[in-house]
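Here are some notes to read with the picture open. Take the points in order, and find each residue on screen as you go.

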2 protein chains.
Amino acid sequence: MASEKRKLLSPEREQLILRALNKGICRIEQLSSELGVSEATVRRDLVSLEEQTKVRRVHGGAIIAQSPKTEPIFAEKASINPGEKNLIAEAALELIHDSDTIYLDGGSTVQALSKMLVRRKNLTVITNSLMAAAELMESGHRLILVGGEFRAISRTLIGPLTANIISALHIDKAFMGTIGFNPDYGMSTTDPNEAYTKELIIKRSNVVIVLADSSKIGVSSFALSGGIADIDILVTDSGISQKTIEKLKKNKIEVIITQQENS
Amino acid sequence: MASEKRKLLSPEREQLILRALNKGICRIEQLSSELGVSEATVRRDLVSLEEQTKVRRVHGGAIIAQSPKTEPIFAEKASINPGEKNLIAEAALELIHDSDTIYLDGGSTVQALSKMLVRRKNLTVITNSLMAAAELMESGHRLILVGGEFRAISRTLIGPLTANIISALHIDKAFMGTIGFNPDYGMSTTDPNEAYTKELIIKRSNVVIVLADSSKIGVSSFALSGGIADIDILVTDSGISQKTIEKLKKNKIEVIITQQENS
DNA sequence: AGAAATTTGCAAGAATTTGTTCAAAAATTT
DNA sequence: AAATTTTTGAACAAATTCTTGCAAATTTCT
């Protein structure tokens with residue numbers, strides 16, 4: 001779609017290459033013609049990107065590396081730090097009361113919360129997460145899926161189509177997962193379509209609650225998915241720094257910190 | 001028959017092999033023809049995948065290493081006579097070509113069809129069935145869920161909210177399951193909301209294909225979910241009566257009858 | 001503008017990958 | 001248990017892709 005005649009500088013090309021690679025694997029020849037440079041140049045860019053561990057080079061092309069900017073696949077992610085995630089989910093559960101209308105976002109922490117919802121009654125649960133939906137199928141709660149395009153890596157429904165249903169709903173409390181949480185800018189995630197859906201939800205919610213363990217804090221990913229001003233409550237663990245807490249409180253964000261686990 | 005336009009890079013092949021293996025396609029020869037590469041190359045890929053402990057090689061093919069990863073997301077209820085349903089699904093699969101945009105309804109026969117879609121490439125699959133969605137999660141096809149209220153008994157999304165997304169879509173071929181199929185009145189089902197969603201889909205589809213084994217024919221349920229005039233093709237088994245076939249042909253419905261099984 | 005530094009494109013040699021062939025190994029049948 | 005068929009592993013050739021050195025072009029700095 002972009003055949004620019006103007007010469008591109010290497011940082012610009014690398015950005016374009018990364019964007020192309022986000023859609024999957026790309027071969028050298030294709031990148032060369034899309035960017036209008038020789039294959040040798042593409043190779044050099046890829047070498048540079050590989051040194052930054054952003055890309056994995058393979059014979060004939062390259063694919064995005066599973067770096068901190070990319071999500072681990074769902075199965076792995078769930079097992080990284082289950083104890084911490086469950087503590088955060090427990091704290092979040094305290095915010096949910098019988099007969100609430102809540103939204104559950106994707107992500108393993110929110111997934112942990114969904115497992116606990118049997119302890120509440122008569123909820124209306126709206127979600128874009130197929131994992132959460134599977135969990136709640138037999139729960140007896142009213143369950144609404146937002147619909148939209150399926151994103152395999154996060155097992156969520158995302159993209160413009162989600163707007164059709166989300167705009168018809170009203171949500172009391174939205175429980176959001178995230179890839180990165182930056183106390184200055186807000187939440188970020190890897191996929192612009194996923195970010196888009198998150199922003200839609202935030203607009204339709206009375207209270208926005210972010211569930212993020214402290215390893216997410218300070219991390220920035222590709223696409224901004226909700227600014228600091230949109231967030232009402234952050235639930236996290238004790239790994240968060242005092243400085244960050246102060247900064248968030250200045251932005252009127254309530255910070256809930258789980259108790260330290262005794263090991 | 002297979003669409004082999006460009007060369008695939010080894011990571012792409014490995015991805016496809018993993019997908020195929022998840023579906024039970026496990027012989028070297030099958031993988032070789034699916035991917036359009038020689039058997040030696042498939043073997044080399046399998047060796048690589050085995051080194052990553054993603055696959056276990058056996059004489060004649062390979063099997064996936066971690067089975068309890070993707071399978072138990074949505075529990076599957078054992079079907080009553082899977083043989084007949086699979087035959088119907090096989091016949092329906094012949095109506096689907098690479099790059100089609102299709103809709104998959106709920107029901108076990110349509111579910112059987114969804115399992116076979118790995119044999120097609122680059123489909124856009126729209127569905128309201130969580131079972132079908134679970135099946136297609138790793139398939140590589142584009143997958144769109146319609147969203148809406150979840151009905152536990154059928155594991156489908158139904159009701160007025162589904163209209164928001166369905167009305168934004170256009171469908172080539174809709175594969176519909178049903179509870180009852182009456183040659184005079186059409187399809188019927190037990191839940192009015194489910195019937196409502198079925199009718200929406202039928203309105204947005206070029207070709208409406210009903211998958212119903214002969215035990216459904218003549219049965220009428222509570223809520224009408226699609227008149228005879230809306231139906232283009234019926235795929236069923238040889239239990240259908242000649243009289244019914246005549247009646248349907250008068251209504252311009254093509255009847256596809258599966259071959260009798262030899263046991 | 002001119003010079004220095006960096007980047008880009010090209011091409012030859014090196015390295016990978018892929019398909020084919022064939023003997024050894026494994027499974028199946030007689 | 002022997003014979004037949006099938007599958008596997010290894011070696012080799014052909015084709016593609018990668019690396020590297022070098023000249024031309026572009027950008028940057030003074």
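1. A word on terms before we start: helices and strands here are DSSP runs, a helix having at least four residues and a strand at least two, and they are numbered from the N terminus. Keep in mind, too, that this is a predicted model.

2. Let's begin with DNA strand C. Which helices each supply at least two residues of the surface near this strand? They are α3 (39–51) of chain A and α3 (39–51) of chain B. In total, 14 residues surround DNA strand C, and the closest are R13(A), T41(A), R44(A), T41(B) and R44(B). By class, that surface has four nonpolar, six polar and four charged residues.

3. Now look at R44 in both chains. A polar side-chain atom of R44(A) is 2.6 Å from a base nitrogen of DNA strand C. For R44(B), an N or O atom of the side chain lies 2.7 Å from a base nitrogen of DNA strand C.

4. The backbone of DNA strand C deserves a look as well. The side chain of S38(A) has an N or O atom 2.9 Å from a phosphate oxygen of this strand. Of the strand C atoms within 4 Å of the protein, 62% belong to sugar or phosphate, and the rest belong to bases.

5. Next comes DNA strand D, surrounded by 16 residues, of which the closest are R43(A), R57(A), G60(A), R43(B) and G60(B). Here, sugar and phosphate make up 94% of the strand D atoms that come within 4 Å of the protein. The surface near DNA strand D divides into four nonpolar, six polar and six charged residues.

6. Which strands of the protein each supply at least two residues of the surface near DNA strand D? Those are β2 (55–58) of chain A and β1 (55–58) of chain B. An N or O atom in the side chain of R57(A) is 2.8 Å from a phosphate oxygen of DNA strand D, and for the side chain of R57(B) the distance to a phosphate oxygen is 3.3 Å. V58(B) uses a polar backbone atom, 3.5 Å from a phosphate oxygen of DNA strand D.

7. Finally, turn to helix α2 (residues 28–35) of chain B, where I28(B), L31(B), S32(B) and L35(B) are buried. Seen down the axis of α2(B), the buried residues fall within an arc of 100°, so they line one face of the helix. The face turned away from that buried side carries the exposed residues E29(B) and S33(B). Just after α2(B), G36(B) takes a positive phi of about 70°.

Methods. Residues numbered from 1 in each chain as written. Chains lettered and ligands numbered in written order. Predicted model: local features only at pLDDT ≥ 70, side-chain atom pairs only at ≥ 80, totals over all residues. Heavy atoms only, no water. Near = heavy atom within 4 Å. Polar contact = N/O pair within 3.5 Å; in protein donor to acceptor, adjacent residues only side chain to side chain. Nonpolar A, V, L, I, M, F, W, Y, C, P; charged D, E, K, R; others polar. Buried < 20%, exposed > 50% of the residue type's maximum accessible area, 1.4 Å probe, protein only. Arc of directions from axis to C-beta.
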